[in-house]
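Let's walk through this one together, one question at a time. Have the viewer open and follow along.

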Amino acid sequence: MIRLVNVQKRFGELLLFDGLNLRAPGGKVSVILGPSGCGKTSLLNMLAGILQPEGGRIEGVGTRRISYLFQEPRLIPWRTIRGNLEFVLQGNEGLTERLEVRRRAEEALARVGMRDFADAYPAELSGGMRQRAVIARAFAYPGEILLMDEPLQALDLARKLDLVEWFLSLWAETTPTTVFVTHDIQEAMILGDYITVFSAPPARIIKEIENPVPPAERRLEDPRLMSVEAELYRSILDKRS
Ligand SMILES: Nc1ncnc2c1ncn2[C@@H]1O[C@H](COP(=O)(O)OP(=O)(O)OP(=O)(O)O)[C@@H](O)[C@H]1O
């Protein structure tokens, strides 16, 4: 379980978090849904230790291994897709053997249907394929905690749902404690075991929902998810009025 206790963060005049309390249960996907600029990326950066809060504390992260998926697929342009995965795996204790690293990279690419593109360079692939490669990379590097910053936002709905399916099947193998931030309600419903809605800064929690539908059964047209969607819309609209 990751816990934020009374976290304070400001950037100059902008008070981003004024005593934020939040939990992300172990082995579950917690989605933070919030408007642009409410501090979602800053929250992940604090969890990753890249950014320090001015007050409060963050528990449950410590020395645990973290995978971080950024908004845009950050791949090294002069390395092939396989080379990008190997690069991450080589820094990993116990995986120093070159052949083992290669085997793991190829296995991860095969898991997302990218085996035939292992020798391609990032610029030769579509945005959706690059995103698939970074998802493979995140799971090839076995983090206990997975942080995801709107990694699907630039994709159309069909590609997004395709990637969500890959994501959920890979995720189910190791069930890392996951914090996924987004402003997309559909992503939140399909991926989130828990969904927390943030207000604009200073970010407050305006709604918390436990997803009533198990991951394997989540379809956008499922009436149970449609009622989650309605509840999420209502909470966001109520806040505006
Ligand atoms: N290093 C920084 N210095 C000053 N202001 C910052 C810094 N990082 C973020 N901010 C500001 O803090 C606010 C929250 O930024 P953040 O990127 O965390 O929000 P977000 O919810 O992830 O937004 P988006 O959905 O647009 O990515 C923004 O107004 C941003 O300009």
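Q: How far is a backbone N or O atom of G37 from an oxygen atom of the ligand?
A: Bear in mind that this is a predicted model. G37 is one of the residues that come nearest to the ligand. The pair to look at joins a backbone N or O atom of G37 to an oxygen atom of the ligand, and its separation is 2.9 Å.

Q: Which residues around the ligand come nearest?
A: The ligand has 13 residues around it. Five of these are singled out as coming nearest, and G37 is among them. The full set is S36, G37, K40, T41 and S42.

Q: Which residue places a polar side-chain atom 3.1 Å from an oxygen atom of the ligand?
A: Backbone atoms can be set aside here: G39 has a backbone N or O atom 3.0 Å from a ligand oxygen, and G37 likewise uses a backbone N or O atom, at 2.9 Å. The 3.1 Å pair instead involves a polar side-chain atom, and the residue that carries this atom is E150.

Q: Is K40 buried or exposed?
A: K40 sits in helix α1, and K40 is also one of the residues that come nearest to the ligand. The cut-off for burial is under 20% relative accessible area. K40 has a relative accessible area of 5%, so K40 is buried.

Q: Which residue's backbone oxygen does the side chain of K40 reach at 3.0 Å?
A: Leaving aside neighbours within four places in sequence, K40 is in contact with I32, G34, P35, E150, V181, T182 and H183. One residue of that list also offers its backbone oxygen to the K40 side chain, at 3.0 Å. That residue is G34.

Q: How many of the nine residues of α1 are buried?
A: Helix α1 spans residues 40-48. Its buried residues are K40, S42, L43, L44, N45, M46 and L47. The helix is thus mostly covered, and the number of buried residues is seven.

Q: What relative accessibility does N45 have?
A: N45 lies in helix α1. Beyond its neighbours within four places in sequence, N45 is in contact with I50, L51 and Y68. N45 counts as buried because its relative accessibility is 18%.

Q: Which residue with a positive phi follows α1?
A: Look just past the end of the helix, which covers residues 40-48. The residue there has a phi near 85°. It is G49.

Q: What is the order of the strands in the open sheet?
A: The sheet has six strands with mixed pairing. β5 (66-69) and β9 (205-210) each have a single partner strand, so they stand at the edges. From one strand to the next, the twist averages 15°. The order reads β5-β6-β7-β3-β8-β9.

Q: Which residue in β7 stands opposite S30?
A: Strand β3 (residues 29-33) runs parallel to strand β7 (residues 177-182), and five bridges join them. S30 faces a residue of β7, namely V179.

Q: How many residues lie between β8 and β9 in their hairpin?
A: β8 (residues 194-198) and β9 run antiparallel and are joined by five bridges. Within this pair, T196 stands opposite E208. The two strands form a hairpin, and the count of residues between them is six.

Q: Why is helix α2 described as largely enclosed by the rest of the structure?
A: The buried residues of α2 are I81, R82, G83, N84, L85, E86 and L89. They pack against α3 (98-111) and α4. Helix α2 is largely enclosed because its buried residues number seven of ten.

Q: Which residue's backbone oxygen does the side chain of R137 reach at 2.8 Å?
A: R137 is found in helix α4 (residues 127-140), and at 16% relative accessibility it counts as buried. Leaving aside neighbours within four places in sequence, R137 is in contact with R74, L75, N84, L85 and V88. The backbone oxygen reached at 2.8 Å belongs to R74.

Q: What is the mean pLDDT of the protein?
A: For the model as a whole, ipTM is 0.95 and pTM is 0.88. Per residue, 95% of the protein reaches a pLDDT of 70 or more. The mean pLDDT is 88.

Notes
Residues numbered from 1 in each chain as written. Predicted model: local features only at pLDDT ≥ 70, side-chain atom pairs only at ≥ 80, totals over all residues. Heavy atoms only, no water. Pairing = 2+ DSSP bridges. Helix = DSSP H or I, 4+ residues; strand = E, 2+ residues; numbered from the N terminus. Axes fitted to C-alpha atoms, helices over the stretch in contact; angles between N-to-C directions. Buried < 20%, exposed > 50% of the residue type's maximum accessible area, 1.4 Å probe, protein only. Contact = heavy atoms within 4.5 Å. pLDDT = per-residue confidence, 0-100. Near = heavy atom within 4 Å. Polar contact = N/O pair within 3.5 Å; in protein donor to acceptor, adjacent residues only side chain to side chain.
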